[in-house]
Amino acid sequence: MNPTNTKETKSTSSGNMKFPYYPGCTLKTTAKNFENSAIATARALGVELLEIPRWNCCGTVFSLAQDDLIHHVASVRNFIRVQEMNDYGLVKNENRLVTLCSMCFNTLKSTNRRMKENAEDLQKINELMYREEDYKGNVEVLHFLELLKSLGYEKIREKVTKPLKDLNIAPYYGCMILRPKEIAIDDPEDPTIQKDILEALGVSVIDTPYKKVCCGSYQTVKDKYIVAELAYDILSHARKKGAEALTTVCPLCAFNLDQRQQAVKEKHPDFEEMPVFYITQLMTIAFGMDKDVFGFEQNYVDPRPLLKSKSLIED
Amino acid sequence: MIKKIEISPDNEKFLNKVNELSGEVITLCEQCGTCSGGCPLVTEMDITPSQMMRLVQLGQKEVLDHKAIWVCASCFTCTVRCPRQIDVSKVAEALRQIILRQAVDHIDIKAIPKEEIACLPQIALVSACRKFTG
């Protein structure tokens with residue numbers, strides 16, 4: 001665990017509910033603005049996200065081949081870390097592991113499901129990790145949006161000091177928190193969880209059928225123009241419906257929809273750039289937090305001109 | 001043009017292998033085309049997901065030569081919509097695995113420009129390696 005993080009946690013959060021928090025690799029680099037804004041938002045709502053000590057990469061994709069057990073080891077090891085947090089008293093009887101990244105969420109939750117439903121697989125995985133204590137199958141994987149929902153939209157509304165009036169936002173969900181349906185956090189065909197949160201912030205929410213259409217995911221490595229075409233459809237459809245920006249909770253969707261706008265412009269010279277926020281960035285503004293936590297310098301399309309035009313930020 | 005296909009024991013073996021790797025019963029597919037209709041990447045594919053399913057049903061190894069199995073982004077849209085509850089994403093994964101397990105990679109990481117590697121999030125690079133290399 002990051003020692004500075006722990007210190008900060010102790011000094012600012014007595015009495016807050018504590019959850020084991022799994023960041024994943026990307027939250028520490030290209031999505032640092034997601035992590036910072038989410039931790040600050042959670043704290044404002046009385047929740048402390050305690051980083052899991054010695055967490056490791058989850059593998060980013062859930063292995064779909066039936067015989068490929070070895071690729072589930074990485075995820076299960078993180079569940080053992082959550083057990084240890086309980087054993088060492090870092091959290092009290094809290095087996096709910098909270099993630100921010102949609103890809104991590106999908107991988108961890110799918111693996112957990114396979115372990116819970118298949119005792120033989122769980123035994124084999126435990127035998128592979130002979131230096132670890134056994135995973136007992138008690139961890140529950142929760143996406144940050146589910147945590148917010150469980151706290152209640154009313155509680156979010158109460159914290160708003162600067163309502164995001166006149167801001168027209170299309171929430172974008174992507175795939176990994178919606179599909180397959182056995183692990184979905186919302187209706188796979190018509191999710192509303194982001195809409196409910198955004199409405200509590202005072203946003204005018206724009207609904208588009210593209211909210212659940214894949215951004216192209218890892219194809220961005222092999223051929224960025226495949227992703228650019230999907231991003232063009234998703235973004236220009238949102239604009240046609242009146243959206244000024246998008247929100248997301250996935251660092252890969254964020255990359256494909258934000259940074260890849262450069263590739264979109266190469267193919268579609270008439271395309272107009274559109275900011276893509278992590279939903280927690282908008283929450284920090286609405287909660288009246290300090291601008292240091294917004295992290296807009298990491299957004300590719302600068303959202304500040306839009307926010308200034310609505311008098312939501314100063315400079 | 002009519003193409004005559006005779007199902008040999010070899011074809012049967014291939015179908016069984018894909019069934020086993022994917023954990024799905026591919027013969028359940030009734031070729032309704034829902035997977036192809038909803039696939040967000042179908043325009044980039046050389047055959048549609050339902051054509052891929054048909055080729056596997058008939059044990060046709062040529063399915064492995066199609067670009068479509070690599071263009072699949074494992075978004076699970078077909079999975080949630082299949083009226084026969086077949087996880088088509090798992091079938092595509094099984095086909096990729098058959099190739100990757102012969103130590104034939106689909107992507108050369110070294111050929112990606114350094115500037116590109118520097119800006120890509122880790123989740124993009126790790127998942128591409130997991131899906132495109134053996």
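The chat below walks through a predicted model of a complex of chain A and chain B.

Trainee: Before I get attached to this one, what ipTM and pTM does the predictor give the complex?
Mentor: It's a predicted model, and the predictor puts both ipTM and pTM at 0.95. For chain B, the average pLDDT is 96, with 100% of the residues scoring at least 70.

Trainee: Nice. How is chain A divided into domains?
Mentor: Domain 1 of chain A covers 13–145, and domain 2 covers 153–309. Their C-alpha centres are 25 Å apart.

Trainee: And how many residues of each are in contact?
Mentor: Domain 1 of chain A brings 26 residues and domain 2 of chain A brings 28. On the domain 1 side, H2, helix H4 (102–117) and helix H6 (144–151) of chain A each supply at least two residues. H2(A) has the largest share there, 9 residues.

Trainee: What's the chemistry of that side, by class?
Mentor: The side of domain 1 of chain A that touches domain 2 of chain A has 13 nonpolar, 10 polar and 3 charged residues.

Trainee: Back to the strands, then. How do E1 and E2 of chain A pair, parallel or antiparallel?
Mentor: Parallel, over 5 bridges, with strand E1 at residues 17–22 of chain A. To get from E1(A) to E2(A), the chain passes through helix H2 (residues 32–44) of chain A, in a right-handed β-α-β crossover. If you want a spot to look at, A:Lys18 sits opposite A:Glu48 in E2(A).

Trainee: Is E2(A) mostly covered or mostly open?
Mentor: Mostly covered: 4 of the 5 residues in strand E2 (residues 47–51) of chain A are buried.

Trainee: What is the strand order in the open sheet of 4 strands in chain A?
Mentor: The order is E6-E5-E7-E8, with parallel pairing. Strand E6 (204–205) and strand E8 (276–278) of chain A are at the edges with a single partner strand each, so one side of each has no neighbour in the sheet. Strand E5 (residues 168–171) and strand E7 (residues 245–248) of chain A pair over 3 bridges. There, A:Ala170 has A:Leu246 in E7(A) as its bridge partner.

Trainee: Switching to chain B: what domains does it have?
Mentor: The assignment for chain B gives domain 1 (9–102) and domain 2 (107–134). The distance between their centres, over C-alpha atoms, is 24 Å.

Trainee: How many residues does each chain put into the contact?
Mentor: Chain B puts in 33 residues and chain A puts in 35. On the chain B side, helix H1 (9–22), helix H5 (77–81), helix H6 (88–100) and helix H8 (122–132) each give two or more residues. H8(B) gives the most, with 10 residues. By class, that side of chain B has 18 nonpolar, 9 polar and 6 charged residues.

Trainee: Any backbone oddities? Which residues are joined by a cis peptide bond?
Mentor: A:Arg179 and A:Pro180, with omega at about -10°. A:Pro180 is in the loop between E5 and helix H8 (193–200) of chain A.

Trainee: And which residue of chain A has a positive phi although it is not a glycine?
Mentor: A:Asn93, at about 45°. A:Asn93 lies in the loop between helix H3 (73–87) and strand E3 (96–99) of chain A.

Trainee: Is A:Asn93 buried or exposed?
Mentor: Exposed, because just 5 other C-beta atoms lie within 10 Å, and 12 or fewer counts as exposed. In chain B, B:Ala103 also has a positive phi, about 60°. B:Ala103 is in the loop between H6 and helix H7 (114–119) of chain B, and B:Ala103 is exposed with 8 other C-beta atoms within 10 Å.

Terms used. Residues numbered from 1 in each chain as written. Chains lettered and ligands numbered in written order. Predicted model: local features only at pLDDT ≥ 70, side-chain atom pairs only at ≥ 80, totals over all residues. Buried ≥ 20, exposed ≤ 12 C-beta atoms within 10 Å, placed from the backbone. Pairing = 2+ DSSP bridges. Right-handed = clockwise from strand over helix to strand, strands pointing away. Domains from an automatic or database assignment. Contact = placed C-beta atoms within 7 Å. Nonpolar A, V, L, I, M, F, W, Y, C, P; charged D, E, K, R; others polar. pLDDT = per-residue confidence, 0-100.
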